[in-house]
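Reader: Mind walking me through this model? I'd like to know what stands behind each label you use.

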Amino acid sequence: MRVQVPPVPPKILETHQARERREVKPEDYTKPFCDFLTDNPTVFHAVEAVAKQLEKASFSKLSERDSWKLRQGGKYYLERNGSSLIAFVVGDSYKAGNGASVIAGHIDALTAKLKPIPKLNTKAGYVQLGVAPYAGALNSTWWDRDLGVGGRVLVKESSGKIVTKLVKLGWPIARIPTLAPHFGAAANGPFNPETQMVPIIGLDNSDISGSSEENWKPSLLGGEGSFTSTQPQRLVRAISKELDIDPSTIVNWELELFDTQPATVGGIDKEFIFAGRVDDKLCSWSAIQALLNSTDASTSATAESSTLKIVGLFDNEEIGSLLRQGARSNFLPTVVERIIDSFGTSTPSLVSQTFAKSFLVSADVIHAVNPNFLNAYLENHSPRLNVGLVVSADSNGHMTTDAVSTALLQRCADKCGQKLQVFQIRNDSRSGGTVGPMLSSATGIRAIDAGIPQLSMHSIRATTGSLDPGLGVLIFQGFLDHYESVDREFAE
């Protein structure tokens, strides 16, 4: 006798299918993260790539110049300077004055930027490029590396409108050559960053035939009538060709050097990711993926929300965050104020109430333990790769972490089945800084500093675990998904 199996009710079937889709693994994020690093070498490319991913997920772009009309359940993002971005989702039951779960990181990285007039005299047949270090770049790890050039170019269209175009010359354009050790003391340093760390970009031996011309020009922006006349002409031609534009339409540009070697997995069992610009596109990228998952019914475990979910990616953290696109600016506070204003009236009391109900995860990479320098680490405060997010503590206030914030994030981690590690610097070492203290002190929001571990911080080429981007996604998503319920356990 054939048994008739009753059909599964559509609602139950839909729930089961959604649960199946939600079961993502950390290794699912390894290749996408490597591709993101390789494809987006400058801060402008990284922000544009994030914006495109948000738009694909139905986030609407806002402008600070416009008035905002937001709705419950809406998904939005906005940029500032093309180098910082804030994305947020309004809960289905949100009301003005409710709290927010916030993840804030920085998306800038150590680099070397072209000077306003980077054209230099040809020396001994070498064409060189005038660059200035951004943060700690041009250190010894930048020497003898294959360096590309990229960034943003301002172009005047035939209509008269000036637009921004992104460019990257991905083949090795520049190199900073070391001096062979055979030369003795001269090869050992210390080295002058202005005169001995200048990249070479080409050859010009025309002086041998007597046809060379003096190329030392006055320090006048625009030179003889145009911006490009003050720039290396071969570089102008290369960028114009890459963008398929007339060189005369270039109004200005903001270009930088980057390591052209692709991000890759490594290790005997592919346990590592070897890449440039890990600090801190790692936490920034993972936070965005977490926000996308947390607002996607097929991957999120949360029910209807009455709070805001916010991810802020800031520029200029490596140099103090003081510019308008940095975390010390009014970018995040004014975004929150304007959200409140869209659902009521943005009074000081409502803004203060919102921040009092909110929580910030200041996400920046943390030092993984280095087996060759164990004496530099504290016992029981030595994070490992491929284990989980690291809570960063500091007794002198360089980090926002305290007992309450640690306990709150631990509850979120427990709810999503993730592990937390802890790092604190030795008493005889100095601590770095993050965006956490500046945002927390400016807003009064409770906060914790936590990040994904990596080796070789501030090197042109760093190492993290191949599972760590995905582990970051899962814990950040757990925080966004569960903060609202966990916060009720910690209500003052």
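Author: Happy to. A helix here is a DSSP run of H or I at least four residues long, numbered from the N terminus. The model is predicted. Helix α10 covers residues 436–443, and just after α10, G444 takes a positive phi of about 85°.

Reader: Which residues of helix α10 are buried?

Author: G436, M438, L439, S440 and T443 of α10 are buried. The cut-off for that word is a relative accessible area under 20%.

Reader: And what covers the buried residues of α10?

Author: The cover includes the strands β4 (100–106), β13 (308–314), β14 (359–363) and β18 (446–451), along with the helices α7 (331–342) and α8 (348–356).

Reader: Give me a number for one residue. Why does T354 count as buried?

Author: T354 comes out at 1% relative accessibility. Buried means under 20%, so a value of 1% qualifies. T354 lies in helix α8, and leaving aside residues up to four places away in sequence, T354 touches G97, N98, G99, V336 and I340. For the chain as a whole, 50% of the 492 residues count as buried.

Reader: Next, helices α3 and α6. How do you know which way they run relative to each other, roughly parallel or roughly antiparallel?

Author: From the crossing angle. The axes of α3 (residues 43–56) and α6 (residues 278–294) come within 11 Å and cross at roughly 10°. Angles under 35 degrees count as roughly parallel, and α3 and α6 are therefore roughly parallel to each other. On the α3 side the contact is made by A46, V50, Q53 and L54, and on the α6 side by K281, I288, Q289 and L292.

Reader: What classes of residue make up the contact of α3 with α6?

Author: By class there are 5 nonpolar, 2 polar and 1 charged residues. Lys counts as charged, so K281 takes that slot. Gln is in neither the nonpolar nor the charged list, so Q53 and Q289 are polar.

Reader: On to strands. What makes β5 and β6 a pair?

Author: Bridges. Two strands pair if DSSP finds at least two bridges between them. Strand β5 (residues 111–119) and strand β6 (residues 126–134) have 5 bridges, in the antiparallel sense, so they pass. K113 has A132 in β6 as its bridge partner. The hairpin of β5 and β6 has 6 residues between the strands, and A124 there takes a positive phi near 55°.

Reader: How many bridges link β6 and β9?

Author: β6 and strand β9 (residues 200–203) have 3 bridges, again antiparallel, so the requirement of at least two is met there too. V127 has G202 in β9 as its bridge partner.

Reader: In what order do the strands of that 6-stranded open sheet run?

Author: The order is β8-β7-β10-β5-β6-β9, with antiparallel pairing.

Reader: What makes β8 and β9 the edge strands?

Author: Each of them pairs on one side only. For β8 (162–174), the link is to strand β7 (residues 147–156), with 9 antiparallel bridges joining the two. In that pairing G151 stands opposite V167 in β8. Neighbouring strands of the sheet are turned by 30° against each other on average, direction ignored. Helix α5 (residues 233–243) lies across β5, β6, β7, β8, β9 and β10 (250–259), running at about 115° to β8.

Reader: Which strands form the open sheet of 3 strands?

Author: β11, β12 and β20, in the order β11-β12-β20, with antiparallel pairing. The edges are β11 (264–266) and β20 (462–465). Strand β12 (residues 272–275) is joined to β11 by 3 bridges, which clears the cut-off of at least two, and G266 has F272 in β12 as its bridge partner. Here the average turn between neighbouring strands is 35°, direction ignored. Helix α2 (residues 30–39) lies across β11 and β12, at about 5° to β12.

Reader: Last one. How do you know how compact the chain is?

Author: The secondary structure comes to 11 helices and 20 strands. The radius of gyration is 25 Å, close to the 23 Å that the globule rule gives for 492 residues, so the chain is as compact as a globular protein of that length. The C-alpha atoms fill a box of roughly 95 × 65 × 60 Å along the principal axes. Among contacts with a separation of 6 or more, 77% come from residues 24 or more positions apart.

Conventions. Residues numbered from 1 in each chain as written. Predicted model: local features only at pLDDT ≥ 70, side-chain atom pairs only at ≥ 80, totals over all residues. Heavy atoms only, no water. Axes fitted to C-alpha atoms, helices over the stretch in contact; angles between N-to-C directions. Parallel < 35°, antiparallel > 145°, perpendicular 65-115°, else oblique. Contact = heavy atoms within 4.5 Å. Rg over C-alpha atoms; globule rule 2.2 N^0.38 Å. Buried < 20%, exposed > 50% of the residue type's maximum accessible area, 1.4 Å probe, protein only.
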